[in-house]
Amino acid sequence: MTESATGPAVPMVDLVAQHARVRGEIEAALARVVESGRFIGGEECSALEAEFAAYCGVAHACGVANGTDALTLALRAWDVGPGDEVVTVANTFIATGEAILLCGARPVFVDVDPETFTLDPGLLERALTSRTRVILPVHVYGHPADMDSIMEVARRRGLRVLEDAAQAHGASLGGRRAGSLGHAACFSFYPAKNLGAYGDAGMVTSGDAAFIEKVRRLGNHGAGAHRYDNLVAGTNSRLDALQAAVLRVKLRHLDQWNEERRSRVEAYTRALEGTPGLAVPRERPPARSAWHLYTVRVRERQRLRAHLARRGIAAAVHYPRPIHLQPAMSAAGGRPGDLPVSERLSEEVISLPLYPELPLETVERIAAEVRRA
Ligand SMILES: Cc1ncc(COP(=O)(O)O)c(C=O)c1O
């Protein structure tokens, strides 16, 4: 296997292969929208909201333009703003922290559990102050955070919990799906996600109808019942009907695709377990991961990465710098040493190719190359 002009022979994800499996359904769905002449909002979007809410086991959902907006609008709908603090993690994509800053609030970072890579509830209490309004755990790589413990702290302290479920479509905890575990949840449908659109899209889910209506209003220029009754300063973050049509098709396949991810994960773990200098990722029952990423920890990441690249195998680091140390988050005042686990993970983690269409023989071959390196 070698690198070709179009990229590595084994990519991290293969959206072309995924499209090939649903081409007929997608083309029919897109044609339906085009023929309807309704491109923003409308029936396609409300149908996706109802179907995705039902999938998550929650009463309400509002489609938005992307996952970052989902987070920002949810926080705004709870009136989070200047002077407020939102407690979150640093082992995540920058958008989690950005959403907090965009509301004018301050992110407060807590460290993560070294096995599940998600918010360590044992460290939560000491991060809370009189200014804390929301706890924002991230189901990173698809593994649900320890929501029972987090919700218990939130209940005691009268706080709200917003799940960042951008990587966790279909993940569950004791049979309850991500999206229904907090007071509200945010999803991204970025194309490479477990449930991905053909462009940007996002969703907020919640059992609270009034909250979802507030999100909807904020994402539609603060408009009330009439288009030109602009009650609050909102923004344009509406769901595109073509994306909704794609997502409705793909939602019907999500469970099957997540099972296919799981069998690839099991093959990786069987092949890699016990490899010196490498730790495989684990699920902590009753959590069931959506396995968005297969992220291992290695002592010599650079060497492994270079070896895989020479063999034409893609690999990626999620994430090379914990977000409390990103210049973009400097307003939060994070310093090296604040979050030892997250900081160590940023030096050790590496994600291997994982997608439902990845042939099992290729998983074996990748694992063999990892062991060789
Ligand atoms: C954990 C996490 N939060 C938020 C986002 C933001 O989503 P989007 O890219 O759709 O704005 C992403 C994905 O990209 C993510 O992985």
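## Worked exercises: loops, sheet, ligand and helix pairs

Pro-286 is found in the loop between β10 (278-279) and β11 (287-288). Helices (H or I, at least four residues) and strands (E, at least two) are DSSP runs, numbered from the N terminus. This is a predicted model: local features need pLDDT of at least 70, side-chain atom pairs count only at pLDDT 80 or more, and totals for chains, interfaces and linings use all residues. Residues are numbered from 1 along each chain as its sequence is written, and side-chain values use heavy atoms, without hydrogens or water.

**Exercise 1.** Find the backbone geometry at Pro-286, Tyr-319 and His-221.

*Solution.*
- Start with the rule: most residues other than glycine have a negative phi, and most peptide bonds are trans.
- Check Pro-285 to Pro-286: the bond is cis, with omega near 5 degrees.
- Check His-318 to Tyr-319: this bond is also cis, with omega near 15 degrees. Tyr-319 sits in the loop between α9 (301-310) and α10 (340-348).
- Check phi at His-221: the value is positive, about 60 degrees, and the residue is not a glycine. The loop between α6 and α7 holds His-221.

**Exercise 2.** Work out the strand order of the open sheet of 7 strands, then place helices on the sheet.

*Solution.*
- Read the order: β1-β9-β8-β5-β4-β2-β3, with mixed pairing. Two strands pair if DSSP finds at least two bridges between them.
- Find the edges: β1 (60-64) and β3 (106-110) each pair on one side only.
- Get the twist: neighbouring strands are turned by 25 degrees on average, direction ignored.
- Look at one pair: β5 (residues 160-164) and β8 (residues 184-188) run parallel over 3 bridges. Leu-162 stands opposite Ala-184 in β8.
- Add α3 (residues 67-77): this helix touches β1, β2 (85-89), β4 (132-136), β5, β8 and β9 (202-206). Contact means heavy atoms within 4.5 Å. The direction of α3 makes about 160 degrees with that of β8. Axes are lines fitted to C-alpha atoms, for helices over the stretch in contact, and angles run from 0 to 180 degrees between N-to-C directions.
- Add α6 (residues 209-218): this helix lies across β1, β8 and β9, at about 10 degrees to β1.

**Exercise 3.** Which residues come nearest to the ligand, and what polar distances do Asp-164, Ser-188 and Lys-193 give?

*Solution.*
- Pick the nearest of the 14 residues around the ligand (a heavy atom within 4 Å). They are Gly-67, Thr-68, Asp-164, Ser-188 and Lys-193.
- Take Asp-164: a side-chain N or O atom is 2.8 Å from a ligand nitrogen.
- Take Ser-188: a side-chain N or O atom is 2.7 Å from a ligand oxygen.
- Take Lys-193: a polar side-chain atom lies 3.0 Å from a ligand oxygen.
- Finish with burial: alone, the ligand exposes 380 Å², and the protein buries 92% of that. Accessible areas come from the Shrake-Rupley method with a 1.4 Å probe.

**Exercise 4.** Describe the packing of α2 against α7 and of α3 against α4.

*Solution.*
- Take α2 (residues 43-56) and α7 (residues 241-251): the angle is about 35 degrees and the axes are 8 Å apart.
- Assign the hand: this α2 and α7 crossing is left-handed. A crossing is left-handed if the near helix is turned anticlockwise from the far one by less than a right angle, and right-handed if clockwise.
- List contacts: α2 residues including Leu-48, Phe-52 and Tyr-55 meet α7 residues including Ala-244, Leu-247 and Arg-248.
- Take α3 and α4 (residues 95-102): the axes come within 9 Å and cross at roughly 35 degrees. The crossing of α3 and α4 is right-handed.
- List contacts: Thr-68, Leu-71, Thr-72 and Leu-75 in α3 meet α4 residues, among them Ala-95, Ala-99 and Leu-102.

How values were computed. A polar contact is a pair of N or O atoms within 3.5 Å; within protein, one must be able to donate a hydrogen and the other to accept it, and residues adjacent in sequence count only if both atoms are side-chain atoms.
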